[in-house]
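The exercises below are to be worked with the sequence and the coordinates side by side. Each task is followed by a solution that goes step by step.

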Amino acid sequence: MTRLSSTAVAPRLSIRDRIRRGNERPVWMEKPKPTTQVVKAVALIVICFLAIYPLFAVLATSLSSQAEIAANNGLVVFPKAPTLDAYRTIFSGGVVTDALVRSLLITVIGTTLSIAVTVAMAYGLTRRDLVGGKFFLMLALFTMLFSPGIIPSFLMVKEMGLMNSYAALVLPTLMSAFNLVVVRSFFMNMPQELFEAAKIDGAGDFRILIQMVLPLSKGVIAVVGLFYGVGYWNAFFNAMLYMDSDKWPLSMILRQYVLLGQPMGDAVAEIAVPSQAIQMAVVVVSLIPVVIVFPFLQKFFTKGVLTGAIKG
Amino acid sequence: MSISSQTLAPPKEERTPAGNKRVRASKRKGKPAPEYRQVSFMARLRRDKVMLALVLPGVAYFVLFHYVPLAGNIIAFLDYKPYLGFVDSVWVGFDNFSAMFSDAAFWGALRNTLVITGLQLVLFFPVPIALSLLLNSIMSKRIRKFVQSVVYLPHFIGWVIIVAVFSEILGATGIVPHLLDSAGLPRFDAMTTPEFFPFLVTIQSIWKDAGWGTIIFLAALMNVDQELYEAAAVDGAGPWQRMKNITIPGIMPIIILLLILNLGSILSVGFEQIVLQRDNVGPGAGEVLDTYVYFHGIQDGQWGTAAAVGLVKGIIGLFLVLGSNKLAHMFGQEGIYSSDKTK
């Protein structure tokens, strides 16, 4: 790298230098053989292809016309005449649009509540000699080791009178002990002197949380929020257990009309079994939020925001 | 078979908090006991009322949705009828358990569960290790970060979408049957062939979580002492020798740890994944313990037997997790100890 500092003076770098600049090969390491490099490059390309192609295939089918799908025996690798007909159909009102709105609302409200409860509890538990603090922490941690079981959980929701209410989609999965531990260890690793100083200046615990801790915790909140948000967005089983079909989120619509191939109501009534393009369009619509949000948040994973979670 | 959530923390970062603690501990040694120890119970209660109020909603959640339902397992000992409720249903002792053991469907579900988790252990487990070794050997930061992002993404895609995507690829009209056709091989529908089901489930799990699983191994790889490589290279060790003698021993403790933790969750298969696809292949191949509980209990109303299966699974699962954690602890320490010896 030091050798490159001289070239950095020159405004233009050769392509070779630019490639080398991204490299971090230590001095002692031999240059890999060309065959090794080729094998590695092929492996990486194959891996990326395997990860991406299925999603691309779904997108391609959703953009194809029914005629093109039929002509190609169901398989369209690259639509020759891409059309948004499938999307127009599903967005022309009715089942999918409603479910999409419901899913977005459940996800936004659920994630907000989950973050609030998790951050609050994690912050409270940072006080070393909090009355019952150890007990509360263990109470949360033990839930990582067992689950009450499907039937008791189901009966609990039923007994609480939550059947067919949206609370049944949020409350049972409101918090995860793992996320609690991640947030708490992040808080514990903050410089405590800062907060002690604020306390001497007369700030209360709540004010310290809002004005000092939260602004410093954007990364960890983003990561935990992503975990919660993805959980709410993808969840279908609670909806399957607790909700009538007129309150289904998008994931259940997907299961019903794409996986089980049952006819869609309302808007697409004229098509008994949804055409392949429409089915795949629903898949793409449910993929979009994840694909949009992920790139903004993925950098936090490599930055190690999950710091010290193992310590509990 | 996802990696146990407790182990997700990158070991690289562990150093810092541990180091901090040591500093704090040594500071504490010199001084008298810190002031907060002397605060009385009532004074702490008064001082921390805000903190306690903040903790309360979370505690209420865990109690209501994790501890109170535990008591609901009592229906494993009842002839539970929803219209009678807990109180009026007849107590039948262990009848539900003997019904469970004489039910062929239960044994089938147990066998399917073990086949799937066993297969995942063999086929899934090595993939993240190999992938992280490959990623670790990529010198270009940009390429490495890109590939990492690409392989992390499927982890965040829900099972409903994944099953839909796989039907599109492997199903009758997908690209794989088309390729089989053009290669002159017999086509088969991977989504609905019972014999293929364990493999299908494993392939899906690999697609979804193998990339995500590399996080922990990459962290372990970064933790390997880089000077060892330099010393070995100076002594004339080639890339393969360095991998064999430094890299692999360096991450062995974490491999053993995860292997043991995975053994601890051998009764748990991804429930959502299976429940979506069980009917494609029929209960003979597609029923696992969790789906047995769901279909026999909530769907068919055999509440008692299903709850008994759930309870047995839960208890054995708890002991497996506790036991494997203990085992991992023992092995983990020994593993770290033996890697220290190579230094």
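**Exercise 1.** Leaving aside neighbours within four places in sequence, find which residues Gln66(A) is in contact with, and decide whether Gln66(A) counts as buried, partly exposed or exposed.

*Solution.* The model is a predicted one, and the contacts are computed from it. Begin by placing the residue: Gln66(A) is found in helix 4 of chain A. Once the neighbours within four places in sequence are set aside, Gln66(A) is in contact with Ser275(A) and Ala277(A). Next, count the C-beta neighbours of Gln66(A) inside 10 Å, which gives 15. A residue is buried at 20 or more and exposed at 12 or fewer, so Gln66(A), with its 15 neighbours, counts as partly exposed. As a last step, take the C-alpha to C-alpha distance from Gln66(A) to Ala86(A), which is 9.1 Å, although the two residues are 20 apart in sequence.

**Exercise 2.** Describe how domain 1 of chain A touches domain 2 of chain A, and state which element gives the most to the side of domain 1.

*Solution.* The domain assignment of chain A gives domain 1 as 2–83 and domain 2 as 88–311. Across the boundary, nine residues of domain 1 are in contact with eight residues of domain 2. On the side of domain 1, the elements that give two or more residues are helix 3 (34–62) and helix 4 (66–71) of chain A, and helix 3 gives the most, with five residues. Sorted by class, that side of domain 1 has four nonpolar and five polar residues, and no charged ones.

**Exercise 3.** Find how many residues of chain A are in contact with chain B, and which helix gives the most to the side of chain A.

*Solution.* The contact list pairs 86 residues of chain A with 85 residues of chain B. On the side of chain A, helix 3 gives the most, with 12 residues. By class, the residues of chain A that touch chain B divide into 57 nonpolar, 20 polar and nine charged.

**Exercise 4.** Characterise the packing of helix 6 of chain A with helix 10 of chain A.

*Solution.* Two packed helices are described by the angle between their axes and the distance between the axes. For helix 6 (residues 95–124) and helix 10 (residues 177–188) of chain A, the axes come within 8 Å and cross at roughly 50°. The two helices are therefore oblique to each other, and helix 6 passes helix 10 in a right-handed crossing. From helix 6, Thr118(A), Val119(A), Met121(A), Ala122(A) and Tyr123(A) meet Asn179(A), Leu180(A), Val183(A), Arg184(A) and Phe187(A) of helix 10. By class, this contact has seven nonpolar, two polar and one charged residues.

**Exercise 5.** Carry out the analysis for helix 14 and helix 16 of chain B, after setting out the overall make-up of chain B.

*Solution.* Chain B has 17 helices and two strands, and 38% of its 343 residues count as buried. Among contacts in chain B between residues at least 6 apart in sequence, 72% join residues at least 24 apart. Turning to the pair, the axes of helix 14 (residues 271–281) and helix 16 (residues 289–299) of chain B come within 9 Å and cross at roughly 60°, which makes helix 14 oblique to helix 16. Helix 14 of chain B passes helix 16 of chain B in a right-handed crossing. Phe271(B), Ile274(B), Val275(B) and Arg278(B) in helix 14 meet Asp290(B), Thr291(B) and Tyr294(B) in helix 16, a contact with four nonpolar, one polar and two charged residues.

Definitions and conventions:
Residues are numbered from 1 along each chain as its sequence is written. Chains are lettered from A and ligands numbered from 1 in the order in which they are written. This is a predicted model: local features need pLDDT of at least 70, side-chain atom pairs count only at pLDDT 80 or more; totals for chains, interfaces and linings use all residues. Axes are lines fitted to C-alpha atoms, for helices over the stretch in contact, and angles run from 0 to 180 degrees between N-to-C directions. Helices (H or I, at least four residues) and strands (E, at least two) are DSSP runs, numbered from the N terminus. Angles under 35 degrees count as roughly parallel, over 145 as roughly antiparallel, 65 to 115 as roughly perpendicular and the rest as oblique. A crossing is left-handed if the near helix is turned anticlockwise from the far one by less than a right angle, and right-handed if clockwise. Two residues are in contact if their C-beta atoms, placed from the backbone, lie within 7 Å. Ala, Val, Leu, Ile, Met, Phe, Trp, Tyr, Cys and Pro count as nonpolar, Asp, Glu, Lys and Arg as charged, and the others, Gly among them, as polar. Domain bounds come from an automatic or database domain assignment.
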